[in-house]
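Dear colleague,

I am handing over the structure we spoke about, and below it you will find what came out of going through it. Please keep it open beside this message while you read.

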Amino acid sequence: MSLAKKVGRGMTWNFIGQMSGAMFGLLSLILIARMLGPFRYGLLTALLAISTISLTSVSFGFESGINKFVPELKARQENEKISALLRRTMLIRIASLAFLAIFLYLASPFIASLYLKKPEA
């Protein structure tokens, strides 16, 4: 099989996977919104936004760095540097996630007071 056919097949499966995931996500959102109602669904969405923003802020772009540097180091056969890079990245990521978890736990009363007010009529 030629490289063009392999790439085409990979792109097709990637597209199918992406579309299936998007459709499943859409159907899930519709079902959850119908079960919770407008106020509770809005509350869930706001809390999920806090979670998403928090997790995005602690990623520090490590995924992009790993995607760039690991293949370069592998091409030069510097396996020890790859291991060190992955280990260091994982330790920083675990530490930042632990800090975030502690911060969100300590801030949870404040966050709850913001979001758990009675809806205005």
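Arg-93 counts as partly exposed, with a relative accessibility of 22%, and in this predicted model its side chain meets that of Glu-63 in a salt bridge, with 2.6 Å from N to O. The pair links distant parts of the chain, since Glu-63 belongs to helix 2 (residues 62–75) and Arg-93 to helix 3 (residues 79–115), and the two positions lie 30 residues apart in numbering terms, that is, they are 30 residues apart. Glu-63, for its part, is also partly exposed, at 38% relative accessibility.

A search of the whole structure finds four salt bridges, and it may help to take the others in turn. Within helix 2, Lys-68 and Glu-72 form a salt bridge whose closest N and O atoms are 2.8 Å apart; because these residues are four apart in that helix, they are separated by about one helical turn. Both ends of this bridge count as partly exposed, Lys-68 at 44% relative accessibility and Glu-72 at 34%. Further along, Glu-78 forms a salt bridge with Arg-76, where the closest N and O atoms are 3.5 Å apart, and Arg-76 counts as exposed, at 52% relative accessibility. This bridge does not stand alone, for Arg-76, Glu-78 and Lys-81 are linked in a network of salt bridges.

To place these residues, here is the chain as a whole. The protein chain has three helices and zero strands, so that from the N terminus on its elements run α-α-α. Its radius of gyration is 21 Å, which is well over the 14 Å that the globule rule gives for 121 residues, and the chain is therefore more spread out than a compact globule. Taken along the principal axes, the C-alpha atoms fill a box of roughly 65 × 35 × 15 Å. Of the 121 residues in the protein chain, 12% are buried, while the accessible surface comes to about 10,100 Å², with 71% of that belonging to carbon and sulfur atoms. As for how the chain meets itself, among contacts between residues at least 6 apart in sequence, 60% join residues at least 24 apart.

Two serines give a view of such contacts at the level of single residues. Ser-54 has its place in helix 1 (residues 3–57) and counts as buried, because its relative accessibility of 11% falls under the 20% that sets the limit for that word. When its neighbours within four places in sequence are left aside, Ser-54 is in contact with Leu-100 and Leu-104. Ser-96, which lies in helix 3, is likewise buried, with a relative accessible area of 11%; with its neighbours within four places in sequence again left aside, Ser-96 is in contact with Val-58 and Phe-60.

Phe-60 leads on to the aromatic residues, where a search of the whole structure finds one aromatic pair. The rings of Phe-60 and Phe-62 have their centres 5.8 Å apart and their planes at 70°, and the pair is edge-to-face because that angle is over the 60 degrees required for the term. Which of the two rings' residues is buried, and which is exposed? Phe-60 is exposed, with a relative accessible area of 52%, whereas Phe-62 counts as buried, at 19% relative accessibility.

One item remains, and it concerns the surface. Ile-32, Met-35, Leu-36, Leu-44 and Leu-48 make a nonpolar surface patch of about 440 Å². Among them, Leu-48 has its place in helix 1 and counts as partly exposed, at 48% relative accessibility.

With kind regards

Terms used: Residues numbered from 1 in each chain as written. Predicted model: local features only at pLDDT ≥ 70, side-chain atom pairs only at ≥ 80, totals over all residues. Heavy atoms only, no water. Phe/Tyr/Trp six-rings, centres within 6.5 Å; stacked < 30°, edge-to-face > 60°. Buried < 20%, exposed > 50% of the residue type's maximum accessible area, 1.4 Å probe, protein only. Contact = heavy atoms within 4.5 Å. Patch = residues over 30% accessible without salt bridge, like charges linked within 9 Å, V, L, I, M, F, W, Y side chains within 5 Å. Areas by Shrake-Rupley, 256 points an atom, 1.4 Å probe, with all protein chains shown as cover. Rg over C-alpha atoms; globule rule 2.2 N^0.38 Å.
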